[in-house]
Structure formats: structure tokens, C-alpha cells
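Here's a quick walk through one model, with a stop at the ligand sites, the backbone oddities and a small sheet. Have the viewer open and follow along.

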Amino acid sequence: MKNPVKSYIPSMKNIDSHSHVRGESVYVDDIPELRGTLHAAIFCSPIAHGKIKSIDYSEALTMPGVQHILTHQDIPGENQIGGIVPDEPLFAEKELHFQGQPIAMILADTELQAREALHKIKIECKEKEAIVDPIEAHAKGLLHIPSRTFNLGETSNVWQKCEHIVTGEADTDGQEHLYLETQGAYAYPVENGHIYLASSTQGPTAVQKMAAKVLGIPMHKIEVDVRRLGGGFGGKEDQATAWAVMAALGAKLSKRPVKLILHRMDDMKMTGKRNPYRSTFKIGLSKDLKILAFEADYYQNAGAAADLSPAIMERTLFHGNNSYFIPNVKVTAHSCITNIPPNTAFRGFGGPQGMFVIEAAIAKAARTLGIKKRVIQKNNLLQEGHEFPYGQIAEDCQAHATWNSLEEKHHIEKIQLDIDDFNANNKHFKKGLAIMPICFGISFTNTPMNHARALVHIYQDGSIGVSTAAVEMGQGVNTKMVQVAAKTLSVNAHRIKIESTNTTRVANTSPSAASSTADLNGKAVQIACNALLQRLKKVAADNLDTKVESIKIHEETVFVNDIETKLTWEELIQKAFLARVCLTENGHYATPKIHFDKAIEKGHPFAYHVYGTAAFEVTLDCIRGRYDFDSVKVVHDFGTSMNRIIDLGQMEGGIVQGIGWMTMEELIYNDKGRLLSNALSTYKIPDIYSVPKEIDVTFLNTDGNDMAIFKSKAVGEPPLLYGIGAYFAILDAVQNFNPNFEPKIYHAPFTPEKVLMALYKA
Ligand code: MTE
Ligand code: HPA
Ligand code: MOS
């Protein structure tokens with residue numbers, strides 16, 4: 001009997017799960033090394049700001065195994081890797097702008113030899129004052145780009161109409177990506193100056209482009225290949241480039257393979273993180289608790305080079321009012337130059353930093369009025385037809401639906417009563433509750449980036465190879481690509497292989513980012529597969545002597561007018577091949593409808609928005625300052641999820657990562673710009689003991705949106721935003737113990753130390 005074919009499995013397991021569990025999945029450091037491979041170690045700036053007075057490599061060069069030491073002087077092309085602003089040299093020349101800034105690369109026979117030689121480089125510097133605070137940088141006029149403002153209505157006219165006005169400050173610290181696989185690349189010369197470059201990057205084209213620029217050769221001489229990433233979280237959207245370019249440079253100049261893998265502490269020291277922000281706000285409410293006006297100034301700590309910070313700053317402005325409708329808004333963002341490593345993309349891309357500020361403003365207003373925060377939140381949720389400050393109109397708006405469904409399903413009022421009861425009966429333990437609604441725009445805010453391609457081959461035996469621009473980084477995009485091809489062609493998923501992401505197969509790609517990878521690449525796969533399907537139907541019609549319109553291919557069998565024939569997928573492919581029909585197709589997709597005009601800061605930048613609402617319940621140990629999350633309950637708008645297992649994994653991971661950012665992950669730089677929390681002994685991330693005891697995710701029953709692949713809404717970044725609720729749940733618990741406590745500055749993370757001080761603050 002024929003095996004039943006299932007072309008579409010809505011909860012297909014991640015196709016990598018077997019090889020992950022068996023340790024067989026290949027990452028850059030697992031690629032078998034070629035004979036003669038050299039290993040790189042990076043010498044970097046010991047100071048945060050200043051000049052190199054002298055540098056002496058002579059002793060390092062005599063160390064065992066050392067073959068080359070490369071500096072900016074060895075660069076054949078341009079010493080420049082800045083993506084948005086050309087302000088970032090690959091290797092420092094004279095000026096030093098952050099501790100950990102690369103100055104030189106040692107190439108040795110073994111990694112240990114390269115690292116040992118680092119200690120023999122002698123450097124003398126002239127140190128200048130380091131600036132690490134964005135507001136101080138702003139006061140000195142140190143900005144990467146001119147500040148930008150989004151406006152809706154006219155705030156200045158409405159303050160006098162407001163019954164309640166509250167001002168305050170809200171700061172969020174940075175966050176280390178802590179991808180399991182550190183930054184790394186492996187490059188080797190092929191022939192005729194062509195370089196093969198395996199890189200752990202979210203942006204293969206960015207790597208290819210910068211490598212070509214630095215090496216002074218055309219892009220077609222560099223082939224970038226990405227199998228998968230051991231996590232990226234935005235940290236490899238732009239910042240994988242430097243290391244890949246260094247490896248390529250080493251390979252070109254030494255004519256040998258070069259491998260460069262950062263050690264964890266070097267990665268933590270040298271690479272940028274989530275941008276810390278400091279912000280001021282002013283919020284005005286009417287008597288009936290409608291938010292009439294909101295103003296904020298966001299001071300983004302961008303670090304020493306622009307990197308992606310200008311785009312991140314833009315998304316902060318886009319998400320300044322979260323999922324609330326506010327008729328009068330004026331929000332301004334400043335991208336401030338400081339002497340820490342250039343900060344970069346991190347899940348949410350500036351959105352979470354902006355959303356924390358409006359949540360703090362609402363919290364402070366509620367405190368001032370002596371009411372629950374959620375009363376104001378609920379009273380101001382976005383509705384269909386409301387205008388965002390950037391001009392887009394809310395469509396398919398699920399702010400109320402997710403809020404109401406959460407409230408009803410989980411009996412939030414009952415939870416509150418239970419909490420009140422618990423608090424009345426416990427002296428040293430207090431519980432807190434917070435509701436966190438979210439709204440996140442899907443698309444790269446930079447319209448020209450919203451496109452992708454796919455290359456699909458059907459082989460003679462009926463098996464299929466799919467290449468796209470999508471980079472698998474644990475988010476499950478390759479599994480979703482299998483589902484798209486399998487469903488569109490109506491073949492068994494086992495027939496489909498997802499190839500590595502390679503610039504020679506799919507060129508000019510946008511990075512896998514902005515939660516848009518599955519939408520953009522999935523639509524491209526769908527377009528390519530539909531074109532192939534059309535061609536195959538013609539072959540079937542010719543063979544069965546009927547019209548193309550009568551043909552259907554369903555579960556690997558050809559049907560004529562809905563009647564099953566004997567013609568199978570494999571036979572059909574054979575016939576197509578013999579008839580000399582092309583079994584390869586290239587699909588191109590560019591998101592329709594979106595546009596944005598920066599001159600007026602208005603447009604329709606997002607394909608659609610994702611909505612959801614979460615409830616956080618926390619129990620605080622008021623003697624120790626420790627806390628445990630009892631539960632996180634979420635109602636989330638996935639549209640029509642195409643893979644519930646993967647989407648649920650994204651929810652759980654994102655929520656926990658968001659909680660980490662809001663509670664325990666603490667990046668500490670001293671006033672000389674040195675990162676003190678530079679290892680896992682000093683930088684705490686959530687572990688199995690600190691995750692919520694319960695994460696309950698409800699899939700809101702909606703249709704989804706045609707702009708999403710198979711109406712399955714993007715899911716990568718939005719869950720992280722829920723984490724903000726963790727801060728406000730803790731704050732609620734603290735205030736239930738110490739009613740006098742009011743944060744002078746709403747400042748995340750709310751670490752146990754800070755909680756302890758808050759509990760006993762007079
Ligand atoms: N999930 C895992 N496991 N690993 C990651 O690196 N990156 C996040 C999110 N989820 C990430 C992840 C970020 S920052 C983004 S933008 C999206 O996945 C990218 O993938 P997508 O566009 O396919 O959602
Ligand atoms: N999100 C993520 N990455 C990006 C974006 C964005 O909106 N724009 C440019 N890179
Ligand atoms: Mo994600 S921060 O857009 O890589």
C-alpha cells in the first residue's frame with residue numbers, strides 16, 4: 001500500500017530537532033578544517049576614548065606559530081564597515097572610541113598561539129575623557145544623526161484641557177544577546193582571488209558587500225554561506241560583519257584558510273548590545289481617564305558608531321504609544337554618541353525601549369490618581385480606524401479583543417481578589433499583578449528592505465531543493481519554508497530540503513530580521529512553487545489529453561476534474577523532464593502597499609500589526625528582595641498560525657528573554673567605559689529556576705492577514721515586549737509592601753538588589 005501523503009502538517013516539528021539533539025547540526029566552528037588553516041585572535045583597544053601613541057608588534061611576531069599580524073595598513077580596499085553611516089573602521093587607525101575596539105588581528109597556526117601572542121603586543125595610548133551617558137552626550141551635541149520627531153495632533157494646545165498631568169523619567173538598560181554560538185567566521189581562498197566565507201550572520205549580503213569593499217574586490221568574488229546560527233537575536237544583523245570581513249581579509253592576504261571565533265568574554269566585551277535608553281515623559285489625562293496628550297524625549301545610548309542605531313531609534317518612535325490611541329503625541333528621539341561598543345539590533349529593535357516609557361507614564365499617572373494602572377490602559381486601547389502618530393490607520397486591530405479575552409478567560413478580577421487576600425494574610429511575602437498589552441508593526445521600517453527571493457529546483461526523482469534569503473537562527477524559519485513548499489506543491493514534506501543561505505544562489509538579500517523572514521521568504525517560495533505548479537499542470541494536461549484548468553495536483557497525485565488518475569508526482573516530474581520543461585524557478589516578493597515619507601514622518605510603513613495582552617503575577621520575598629513569577633498568561637494574535645509548536649516556542653523564549661531584560665540582566669560599565677559584567681558569573685540571565693512557573697498562551701481566534709504568509713502572523717519579536725509587564729508586576733508587589741515607594745526614575749532592570757532597597761525606602 002502507498003504511504004499516505006501529508007503535504008501540510010500544521011504543527012510540523014522543527015526540521016532541525018533531531019540533528020540538534022544528537023549534536024550533529026553544523027555551526028561555523030564545526031565545519032571541518034582545511035589543511036593549513038590559520039587561527040585568528042583580535043587585539044583591541046584597552047581604553048574607551050583616546051589616541052594610540054605607539055604600538056609595537058615586534059615581540060608578538062616572534063612568538064611560536066605566529067604567521068601574520070594584520071592592521072588597517074594591510075587593508076587593500078577601504079577600512080570602513082559602517083552600514084547606515086560610514087563611521088566605523090574595521091581596524092582602528094589612530095583614534096580609539098571604545099574598549100574592545102579592534103586594532104589588529106594575529107594569525108597563528110593554532111588558536112592558543114594566536115591568543116598567547118596578544119599579550120606581547122605593546123601599546124601606549126593617550127587617554128581622553130569617556131562619555132557613557134546619553135544625556136551628557138546629547139548636551140555636548142554628540143549625535144549620530146539629527147534628532148527626529150513624530151507628531152500627531154498638537155500637544156501644546158491640550159495641556160490646559162487636561163485634568164491630570166504627570167511628568168517623569170524612564171530608563172532601560174542594555175541587554176547582552178548571549179546567543180549560544182559566539183560571533184565567528186571561516187574563510188578560504190578558492191581560486192582567482194575568489195573567497196568562500198562561512199559566517200554566522202543574519203545578513204549574508206551585508207557581509208558580502210562589506211568584505212568586497214574592505215578587500216577592494218567586486219561582490220561576485222565573495223561567496224557567503226550560512227548554514228544556521230546558534231542564535232542571533234539581532235546581534236548578528238550587523239555585527240557579524242566585522243569578524244567575517246576580518247577572516248576574509250586574513251584569507252586573502254595569507255592565501256590560507258582563516259578561522260575566527262570569538263571567545264565568550266571577548267564577544268561580550270567587543271560587540272554591541274541592546275541600546276540602553278534614558279527618557280523623559282509628560283502625559284495628560286481627561287477627567288474620564290482618556291489620555292489626551294503624550295510627549296517624550298528618548299535619549300538612545302548608541303555607542304561609538306552608528307551601526308543600526310538610527311533605524312532602531314526610528315522604531316522607538318513608531319512604538320512610542322504602544323497599543324494605545326492618543327490623539328496628541330509629540331515624541332522625539334536622539335541617537336547619542338558614547339564611548340561604549342556600538343549598540344545594535346536586539347529583538348524588538350528599539351520598540352521595547354519606547355513602550356517601556358509609555359507604560360511608566362501610565363503607571364505614574366495611575367499612582368498619582370490612586371487607581372490601578374490597568375484602568376487607564378484599558379480605557380485607552382487602540383481601535384479599528386484609529387491613527388498612529390506616523391499616519392497609518394489601525395486595521396484588523398486586536399487590542400480590545402486580546403485584552404477582553406484575557407480578562408474573561410483568566411478571570412483577572414478574581415486573580416486580583418485572590419492577590420489582595422494573599423497580601424492581607426502575608427507579612428513577608430507580597431504578590432503583584434500587571435497587565436501588558438502589546439502592538440508591534442511588521443515590516444522593516446526602511447521600506448526598500450522589504451523584499452526577498454527564493455530559488456526552487458525540482459530534481460528528476462521528484463525531490464526538491466529550496467534556497468531563500470532566510471537565515472535559520474533557531475526561530476524555525478526553515479521548517480516554515482518546508483511547509484510553504486510542501487503545501488503549495490502538495491507534496492510530502494520529506495521531499496523538500498532547505499539549502500544553506502548562500503549569496504550565489506540568492507543575491508542582494510535583506511538580513512533575516514524585523515520578524516519578517518517567514519513572510520518575505522515564504523511568499524517568495526510560494527511564488528516560485530506556484531510558477532512550477534502551473535508548468536507541471538500543463539505537462540499533466542498534455543499527457544492526459546485534457547485542459548490545464550481541469551488538472552489538480554493533490555497529495556502527489558494528479559486529478560482531472562477532481563477524479564484521481566494514476567499519474568503520480570514522480571512520474572509527472574519524469575515526463576516534464578523528458579519534455580524538456582524547466583524544473584527550476586526563481587520567486588521574487590516585495591511587500592505591496594507599504595511606504596513612508598521621512599520628510600513629513602508619515603506613511604504606511606507596516607504590512608500589518610501584531611497584537612496581544614499578557615498578565616503577569618509575581619510573588620515577592622520581602623525579606624530577601626527575591627521574586628518568582630507565578631504565571632504569565634497571554635492571549636496573542638497569531639492570525640492563523642501555520643505552526644503552533646514553533647510559534648509557541650517563540651512565545652515562551654521571547655517572554656523569558658523579555659523578563660530577563662526587565663529583571664536580572666544588568667550591564668555595568670564603569671565611568672571609564674569598561675564593561676564590568678563581562679562573563680556569565682557577573683551577568684545573570686534567566687535559567688530554568690527563574691522562568692515563570694506557568695506560561696499559558698491562548699491563540700486568539702482570528703483570520704489573520706493576507707500580507708502574512710498563509711495568514712500566519714509574524715511571531716519573532718513581539719513576545720519579548722510582554723516582558724515589560726514583569727517590571728510593573730514587581731513594582732505592584734513592592735508597593736503592596738511599601739505603599740510609600742515611588743520610583744524617582746522608572747529604571748529597568750528591577751534587580752533583586754533594587755527591589756530590596758525599594759522595599760525599605762522611607
Ligand atoms: N528565536 C531564536 N530561537 N533565535 C533567534 O536568534 N531572533 C529573534 C526572533 N526569534 C531569534 C529568535 C529576532 S531578533 C528576530 S527579528 C526574529 O526571530 C527573526 O526571525 P523571523 O523573521 O523568522 O521571525
Ligand atoms: N527591524 C529590524 N531590523 C531592521 C529594521 C527593522 O525595522 N530596519 C532595518 N533593519
Ligand atoms: Mo531582529 S532585532 O530584527 O534581528
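Which strand and which helix flank the loop that holds Asn508? They are strand S20 (501-502) and helix H15 (517-544), and Asn508 sits in the loop between them. Before going further, keep in mind that this is a predicted model.

**Backbone oddities**

Asn508 is worth a click: its phi is positive, about 55 degrees, although the residue is not a glycine. As a reminder, most residues other than glycine have a negative phi, and most peptide bonds are trans. Is Asn508 buried, partly exposed or exposed? With a relative accessibility of 49%, Asn508 counts as partly exposed.

Ser490 does a similar thing, as another non-glycine residue with a positive phi of about 55 degrees. Look for Ser490 in the loop that runs between helix H14 (477-489) and strand S19 (496-498). Here the surroundings are another story: Ser490 has a relative accessible area of 6%, so it counts as buried, the cut-off being under 20%.

Then there's a peptide bond to check. Going from Ala748 to Pro749, the bond is cis, and its omega is near 5 degrees. Pro749 belongs to the loop between strand S30 (746-748) and helix H20 (752-759).

**Ligand 2**

On to the ligands. Around ligand 2 you'll find Glu237, Arg315, Phe349, Phe444, Thr445, Met449, Ala513 and Ala514. By class, that shell splits into five nonpolar residues, one polar and two charged. Glu237 brings a polar side-chain atom to 2.8 Å from a nitrogen atom of ligand 2, while Arg315 has a polar side-chain atom 3.2 Å from an oxygen atom of the ligand. Thr445 uses its backbone instead, with an N or O atom 3.1 Å from an oxygen atom of ligand 2. How much of ligand 2 does the protein bury? Taken alone, ligand 2 exposes 260 Å², and the protein buries 98% of that.

**Ligand 1**

Ligand 1 has 16 residues around it, and those that come nearest are Gly232, Phe233, Met473, Thr517 and Gln650. The shell's make-up is four nonpolar, ten polar and two charged residues. The contacts listed here for ligand 1 involve backbone N or O atoms:

| Residue (backbone N or O atom) | Ligand 1 atom | Distance |
|---|---|---|
| Phe233 | oxygen | 2.9 Å |
| Met473 | nitrogen | 2.8 Å |
| Gly474 | nitrogen | 3.3 Å |

Taken alone, ligand 1 exposes 520 Å², of which the protein buries 92%.

**A small sheet**

One last stop. In what order do the three strands of the open sheet run? The order is S4-S2-S6, and the pairing is antiparallel. Strand S4 (95-96) and strand S6 (122-127) are the edge strands, each pairing on one side only. Strand S2 (residues 50-56) pairs with S4 in the antiparallel sense, over two bridges. To find the register in your viewer, start from Lys51, which stands opposite Glu95 in S4.

How values were computed: Residues numbered from 1 in each chain as written. Chains lettered and ligands numbered in written order. Predicted model: local features only at pLDDT ≥ 70, side-chain atom pairs only at ≥ 80, totals over all residues. Heavy atoms only, no water. Near = heavy atom within 4 Å. Polar contact = N/O pair within 3.5 Å; in protein donor to acceptor, adjacent residues only side chain to side chain. Areas by Shrake-Rupley, 256 points an atom, 1.4 Å probe, with all protein chains shown as cover. Nonpolar A, V, L, I, M, F, W, Y, C, P; charged D, E, K, R; others polar. Helix = DSSP H or I, 4+ residues; strand = E, 2+ residues; numbered from the N terminus. Buried < 20%, exposed > 50% of the residue type's maximum accessible area, 1.4 Å probe, protein only. Pairing = 2+ DSSP bridges.
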